[in-house]
Amino acid sequence: MTAPTALRGAVGTAHARVEGRDKVTGAARYAAEIPFAELAHGWLVLSTAARGRIRSVEAGPVLDMPGVLTVLHHGTAPRVDSEYIGMLGVPPDPSVALFQNDRVPHAGWPVALVVAETSEQAREAAEALVVHYEEEPHDIGFDAGRTDAYPVDGHMPAVTEKGDLAARLAESAVVVDAEYTTPEEHHNPMEPHAATARWDGGRLDVVDSNQGSTWVADELCKLFSLDPASVRVRSEHVGGGFGSKGVRAHQVAAVMAATLLQRPVRVVLTRRQMFSLAGYRSPTIQRVRLGADPDGRLRALEHESLSLTSTVYEFVEPSAGVARAMYDADAHRTANQVVRLDVPTPTWMRAPGEAPGSFALESALDELAEKCRIDPIALRVRNEPGTGPVSGLPFSSRNLVACFEEGARRFGWADRDPRPGLRRDGRWLLGTGTAAASFPAGAGPSTAALTAEADGSFTVRIAASDIGTGARTALTLIAADALETAPERVRVRIGDSDFGPAMIAGGSMGTRSWAWAITVAAGELRERLAAGNGIPPEGVTVRSDTTAAIGALAQKERHSFGAQFAEVAVDAGTGEVRVRRMLGIFAAGRIVNPLTARGQLVGGMTWGISMALHEEAVRDRVSGGHVGADLAGYHVASHADVPHIEADWIDDPDPDDPVGIKGIGEIGIVGAAAAIANAVRHATGVRHRSLPIRPDRVLAAGTGAQDA
């Protein structure tokens with residue numbers, strides 16, 4: 001491994017975003033804002049049938065409408081190759097192989113693209129396009145009684161087992177056996193998905209909003225059987241991603257139309273279309289069984305999770321995976337299963353698996369603490385593992401207990417009366433709750449190029465993606481320290497596939513992966529400059545590739561950890577739940593920029609409030625589509641729902657990383673919903689095992705403090 005570079009102090013100090021002025025003045029252009037000469041506009045038409053075949057597409061009348069240039073559908077679109085393995089090691093979702101046959105696997109499936117001179121003309125024509133279907137019976141029923149569920153590995157093994165679970169449960173003095181459910185959730189970023197494709201001198205140029213320009217370029221090369229050198233994807237500014245901005249229908253549609261028309265074509269998804277085309281978090285049904293001694297020490301732990309996927313692609317929400325890193329037991333079993341339904345394919349959504357999985361596991365731990373009459377924090381500390389509970393590998397570092405200790409001190413946990421339903425503020429019942437959080441800390445191979453310019457400044461080129469996290473600023477600070485210069489002398493250019501392969505912005509691995517590549521390149525550049533040969537007018541450039549270094553890392557359990565605390569007020573008369581305050585203390589590696597890091601953590605905790613109390617997408621069983629597929633019908637936490645939230649961290653540098661980074665993008669949401677649910681239980685005496693905790697559910701359950 002490359003030895004840590006001598007640092008000069010930019011890392012760890014608060015810096016405003018280097019592109020902040022451009023964003024607030026409008027100088028920063030997003031994917032749908034960049035002008036092109038002769039730009040045409042495409043508008044996708046989505047299926048209203050939930051399952052069946054397309055009988056006919058009446059394109060003739062639409063082609064006669066003003067400004068309409070073409071209509072693409074399964075009878076007119078170019079053929080693509082979908083039989084390949086993508087950059088992330090998985091085959092593509094067939095929904096990106098647009099218009100290849102007449103099958104309709106779910107409501108909201110793309111069936112046509114109307115291209116016109118203006119966006120307004122394209123929309124009007126798309127809404128006028130008549131498509132006839134041969135409909136078939138569809139199935140969107142998701143429940144625990146499904147007999148057709150089966151295990152799916154995903155990015156982790158579907159099932160892990162050790163010990164005799166049945167025997168250890170039978171021997172346990174205290175047992176928790178409960179089912180927890182989470183609904184379908186959507187991660188609609190503020191900036192809609194948008195792409196513009198054009199051919200420029202025989203080269204495909206795509207301006208996009210994505211989480212990895214080299215990822216999208218690689219997939220487009222394979223879909224359209226193109227030479228990798230002939231495809232460039234640019235994504236300089238991205239208004240949010242959260243796992244949804246990978247390869248989607250709009251990029252493919254834009255490339256198809258640009259190829260046929262030989263002019264630039266832009267396709268932007270509407271908010272309603274994003275509910276069908278941008279992926280979502282699958283609902284989950286989770287069963288947790290815990291067996292423990294009277295003192296709360298776990299003897300048995302089982303965590304099973306059921307999620308759904310489409311009939312055309314396997315995607316699993318690995319909610320049971322969180323238990324594999326959190327708590328040990330003599331017998332340990334986890335399983336992730338899916339059921340195929342006539343619905344769009346889910347995808348990664350902030351803290352995939354861990355967010356819904358922590359709700360179930362951390363709620364069950366709270367139930368066990370009540371049964372054992374042990375403080376919830378003491379129970380978790382008692383079951384701290386020395387090594388990975390399933391893997392047996394050592395932890396790179398595990399400072400969860402320190403997070404709980406600091407959080408308990410700052411939150412005033414020692415003054416908490418564990419009995420439910422005792423604290424009141426007028427009509428409000430008050431309660432407090434806590435939960436643990438974890439998320440894997442990984443790194444992916446990346447390349448970076450650093451140039452020492454003749455004027456004494458430095459330019460970094462890396463195909464990173466700043467999806468609103470402040471990554472561009474963090475990389476500026478890292479490069480400045482690695483080069484032993486001031487941040488003002490460093491320019492970081494990102495979001496261009498021409499810069500070479502780099503890890504995507506996902507899995508809390510982006511900044512860590514890119515920083516590693518930049519640090520390695522900076523070390524070599526400093527050696528070159530130390531030779532004293534001067535800097536020519538074109539500058540001195542070095543390039544790094546961390547594939548070998550990351551591949552040589554010793555196997556360890558690498559995670560960020562955290563402790564979440566929440567206080568809620570519950571109106572027993574109306575069922576309203578209000579979060580009054582939250583505190584999160586995290587052990588998430590070295591914090592590069594405290595200003596943007598705190599924003600990430602507070603943002604994740606805010607999303608936890610939304611997850612606990614508001615978010616829930618509902619499908620109509622008759623149509624197979626959503627009820628209220630917009631941000632009016634799909635409720636999220638607003639300003640009035642968000643109280644004072646504090647996020648802080650303890651010193652926790654990763655010893656195996658050149659900068660000490662772990663990752664903070666997802667850890668903030670993990671455990672937040674469980675902490676709120678546990679606080680509602682403390683306030684009311686009633687356990688809510690289904691999210692969101694809506695007022696009607698609170699009213700239906702009542703308060704049961706006298707029975708607790």
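I began with a definition: two strands pair if DSSP finds at least two bridges between them. I also noted that the model I consulted is a predicted one.

**Entry 1: strand 24 and its partners**

I looked up the neighbours of strand 24 with that definition in mind. Strand 23 (residues 559-571) is joined to strand 24 by 10 bridges, and the two run antiparallel. As one example of this pairing, I recorded that Phe565 has Leu583 in strand 24 as its bridge partner. Strands 23 and 24 form a hairpin with five residues between the strands. In this hairpin I found Gly575 with a positive phi near 85 degrees.

I then turned to strand 27 (residues 644-649), which six bridges join to strand 24; here the strands run parallel. In strand 27, Ala647 stands opposite Gly584.

Is strand 24 largely enclosed or largely open? I noted that eight of the 11 residues of strand 24 (residues 577-587) are buried, so the strand is largely enclosed by the rest of the structure.

**Entry 2: helix 5**

I next examined helix 5 (residues 213-223), and found nine of its 11 residues buried. Among them are Trp215, Val216, Glu219 and Cys221. Against which elements do the buried residues of helix 5 pack? I listed strand 11 (203-208), strand 12 (231-234) and helix 6 (249-261). After helix 5 comes Ser225, with a positive phi near 55 degrees.

**Entry 3: helix 9**

I checked the length of helix 9 (residues 354-372) by a short calculation. The expected span is 1.5 Å times one less than the number of residues. For the 19 residues of helix 9 this gives 27 Å, and the end C-alpha atoms are 26 Å apart, which agrees.

I also looked up the burial of helix 9. Of its 19 residues, 17 are buried, so helix 9 is largely enclosed by the rest of the structure. Arg373 follows helix 9, and its phi is positive, near 55 degrees.

**Entry 4: a patch on the surface**

Finally, I turned to the surface. Which residues form a nonpolar patch there? I recorded Met87, Leu88, Val90 and Trp348, which together have about 290 Å² of accessible area.

I followed Met87 further and located it in the loop between strand 3 (68-72) and strand 4 (103-104). Met87 has a relative accessible area of 34%. Buried means under 20% and exposed means over 50%, so I entered Met87 as partly exposed.

Conventions:
Residues are numbered from 1 along each chain as its sequence is written. This is a predicted model: local features need pLDDT of at least 70, side-chain atom pairs count only at pLDDT 80 or more; totals for chains, interfaces and linings use all residues. Side-chain values use heavy atoms; hydrogens and water are left out. Buried means under 20% relative accessible area, exposed over 50%, partly exposed in between (1.4 Å probe, protein chains only). Helices (H or I, at least four residues) and strands (E, at least two) are DSSP runs, numbered from the N terminus. Patches are made of residues with over 30% relative accessible area and no salt bridge: like charges are joined within 9 Å, nonpolar side chains (Val, Leu, Ile, Met, Phe, Trp, Tyr) within 5 Å. Accessible areas come from the Shrake-Rupley method with a 1.4 Å probe; for residues, only the protein chains shown count as cover. A salt bridge is a side-chain nitrogen of Lys or Arg within 4 Å of a carboxyl oxygen of Asp or Glu. Contact means heavy atoms within 4.5 Å.
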